[in-house]
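This report describes pockets, sheets and selected loop residues of one protein model. The sequence and coordinates are shown first, and the description follows.

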Amino acid sequence: MTSTPAASPSPLYKVRNSKIHGNGVFAARKIAAGTRIIEYGGKRISWKEAVRRENLKAADDFHTFFFSLDDGKIIDGGDDGNDARWINHSCEPNCEAREEDGRVHIYALRDIARGEELYYDYGLIMEERYTPALKKAYRCLCGTPSCRQTLLAPKRRKSTR
């Protein structure tokens with residue numbers, strides 16, 4: 001008697017062109033809130049190596065696939081990365097990135113309809129002052145009502161106490 005393998009479930013997502021920016025990741029079927037969708041893959045590098053790689057790029061190239069970890073390491077999604085690197089930013093995201101045991105997974109924040117693009121808030125952190133030029137270099141294209149016009153995380157206000 002032969003058995004047939006069980007059909008694998010349909011994939012959660014597919015990569016295709018995005019109206020927001022370049023490639024995007026889209027729900028291939030309905031995704032329930034709280035679902036772990038994909039791990040952010042790539043080579044783990046030191047902060048020093050990330051800076052070295054960043055300095056090799058053209059001065060006007062602000063595209064990055066770096067993901068910072070709590071231990072100070074960086075995941076470079078541009079080096080042996082996977083489809084998660086194509087998830088675009090939105091100021092009103094439907095997903096979030098969570099670090100768990102040194103790994104980053106993307107989770108659905110709410111139910112996501114089939115065909116809907118997946119987004120999370122990049123919340124890029126820069127030490128330098130947020131000048132108009134820096135904000136423009138990391139300009140947000142999400143177009144949501146609460147768009148803050150930049151991929152940069154809001155600066156934390158220093159306490160006056």
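A residue is called buried under 20% relative accessible area, exposed over 50% and partly exposed in between, with a 1.4 Å probe and protein chains only. By this scale Asp 80 is exposed, with a relative accessible area of 69%.

## Basis of the description

The model is predicted: local features need pLDDT of at least 70, side-chain atom pairs count only at pLDDT 80 or more, and totals for chains, interfaces and linings use all residues. Residues are numbered from 1 along each chain as its sequence is written, and side-chain values use heavy atoms, with hydrogens and water left out.

Helices (H or I, at least four residues) and strands (E, at least two) are DSSP runs numbered from the N terminus. Two strands count as paired if DSSP finds at least two bridges between them.

## Pockets

Rolling a probe the size of a water molecule over the atoms shows where empty space is left. The search uses a 1 Å grid over the protein atoms alone; a pocket is an open set of points with protein on both sides within 12 Å along at least five of seven lines, whereas a cavity is a set where a 1.4 Å probe fits but cannot get out. Lining residues have an atom within 4 Å of a point. Grid points are joined across faces, edges and corners, and a volume is the space filled by probe spheres set on the points.

The largest pocket holds about 1500 Å³ of space. It is lined by 49 residues, of which Thr 64, Phe 66, Leu 124, Met 126 and Tyr 138 are the closest to its centre. At least two lining residues come from each of helix H1 (47–56), strand S5 (66–68), strand S7 (88–89), strand S8 (95–100) and helix H2 (132–137); H1 provides the largest share, five residues. By class, this lining comprises 29 nonpolar, 10 polar and 10 charged residues. Here Ala, Val, Leu, Ile, Met, Phe, Trp, Tyr, Cys and Pro count as nonpolar, Asp, Glu, Lys and Arg as charged, and the others, Gly among them, as polar.

The second largest pocket contains about 190 Å³ of space. Its lining consists of Ile 125, Met 126, Glu 127, Tyr 130, Ala 153, Pro 154, Lys 155 and Arg 156. Five of these residues are nonpolar, none is polar and three are charged.

## The sheet of S4, S6 and S5

One open sheet has three strands in the order S4-S6-S5, paired antiparallel. Strand S4 (43–45) and S5 form its edges with a single partner strand each, so one side of each has no neighbour in the sheet. Neighbouring strands are turned by 30° against each other on average, direction ignored.

S4 and S6 are antiparallel and are joined by three bridges; Ile 45 stands opposite Ile 74 in S6. Helix H1 lies across S4, S5 and S6 and runs at about 105° to S4. Contact in this sense requires heavy atoms within 4.5 Å; axes are lines fitted to C-alpha atoms, for helices over the stretch in contact, and angles run from 0 to 180 degrees between N-to-C directions.

## The sheet of S3, S9 and S8

Another open sheet of three strands follows the order S3-S9-S8, also with antiparallel pairing. Strand S3 (36–39) and S8 are the edge strands, each pairing on one side only. The average turn between neighbouring strands of this sheet is 30°, direction ignored.

Three bridges connect S3 and S9 in the antiparallel sense, and Ile 38 has Ile 106 in S9 as its bridge partner. S8 and S9, also antiparallel, are joined by six bridges; Arg 98 is partnered by His 105 in S9. Five of the six residues of S9 are buried, so this strand is largely enclosed by the rest of the structure.

## Three aspartates in loops

Most residues other than glycine have a negative phi. Asp 80, in the loop between strand S6 (74–76) and S7, has a positive phi of about 65°. Asp 101 lies in the loop between S8 and strand S9 (103–108) and is exposed at 82% relative accessibility. In the hairpin of S8 and S9, with two residues between the strands, Asp 101 takes a positive phi near 55°.

Asp 61 is found in the loop between H1 and S5 and is partly exposed, at a relative accessible area of 32%. Asp 61 and Ala 137 are 76 residues apart in sequence and 8.6 Å apart in space, C-alpha to C-alpha.
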